[in-house]
Amino acid sequence: MNNGIRFGAIAAAVLLSGCGLNSIPTADEEVKARWADVENYYQRRADLIPNLVATVKASGAQEKDILVQVTQARAAANTIRVTSEDLSDPAKLARFDAAQSSLGFSLQKLQEAYPDLKSQANFTTLLGQLEGTENRITIARRDYNASVQKYNTTIRTFPAAITASIVYGAKPKAPFAATTPGAEAAPKVDFGN
């Protein structure tokens with residue numbers, strides 16, 4: 001009789017270990033965790049990209065202002081000509097000197113700001129962040145779909161399918177699929193040009 005109880009207990013343990021009693025909720029939680037990763041990276045994109053674009057736009061605008069000032073000063077300096085006859089006219093000499101000083105001041109401003117002129121580096125950083133973010137989203141979607149496949153396989157194969165249906169009422173999970181029109185395209189970056 002003792003051997004019969006032992007054999008029955010061992011047989012029940014073997015049957016229960018293969019029935020998915022623990023593997024089904026484990027796979028379900030894995031699916032939920034992978035979906036949370038997808039949402040996390042979408043949120044990262046929504047938080048990060050607009051801020052990076054604004055930073056790049058601001059640094060580009062600051063640099064544009066400096067370069068416009070230099071260009072305008074150069075143009076103004078080139079419009080005022082002093083000939084040998086003008087050397088006796090203090091007003092013309094003063095205008096010429098003012099234009100040259102303005103150009104010199106603008107060039108000095110450009111030279112002083114040169115270490116801070118970083119728009120190209122900011123654009124490069126933005127491109128790297130865009131690529132990295134889209135790669136993270138792609139990997140998170142792939143991982144989610146792999147966990148859905150594992151879960152769906154677990155609840156549909158014997159003997160776990162019996163436990164999934166009777167104990168958990170498990171239904172197959174849907175893999176990620178772009179359903180919104182245009183969702184297959186990443187957001188456009190617009191610098192307002």
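Here are three short exercises, with solutions, on a predicted model.

**Exercise 1.** Work out which face of helix α5 is buried, and what lies on the other side.

*Solution.* Start with the helix itself: α5 covers residues 160–168. Next, pick out its buried residues, which are Ala160, Thr163 and Ala164. Now look down the axis of α5: these buried residues fall within an arc of 100°, so they line one face of the helix. Turn to the other side and you'll find Ser165 and Ile166, both exposed. Just past the end of α5, Gly169 takes a positive phi of about 60°.

**Exercise 2.** Find out which parts of the chain the salt bridge between Arg45 and Glu134 ties together.

*Solution.* First check the pair: the side chains of Arg45 and Glu134 meet in a salt bridge, at 2.8 Å from N to O. Then place each partner: Arg45 sits in helix α2 and Glu134 in helix α4, so the bridge links parts 89 residues apart in sequence. Finally, compare with the 20% cut-off for buried. Arg45 has a relative accessible area of 17%, so it counts as buried. Glu134, at 23%, counts as partly exposed.

**Exercise 3.** Describe the salt bridge between Lys32 and Asp28, and say where the two residues lie.

*Solution.* Begin with the distance, which is 3.3 Å from N to O. Both residues belong to helix α2 (residues 23–79), and they are four residues apart, about one turn of the helix. As for exposure, Lys32 is partly exposed at 44% relative accessible area, whereas Asp28 is buried at 15%.

Notes. Residues numbered from 1 in each chain as written. Predicted model: local features only at pLDDT ≥ 70, side-chain atom pairs only at ≥ 80, totals over all residues. Heavy atoms only, no water. Buried < 20%, exposed > 50% of the residue type's maximum accessible area, 1.4 Å probe, protein only. Arc of directions from axis to C-beta. Salt bridge = Lys/Arg side-chain N within 4 Å of Asp/Glu carboxyl O.
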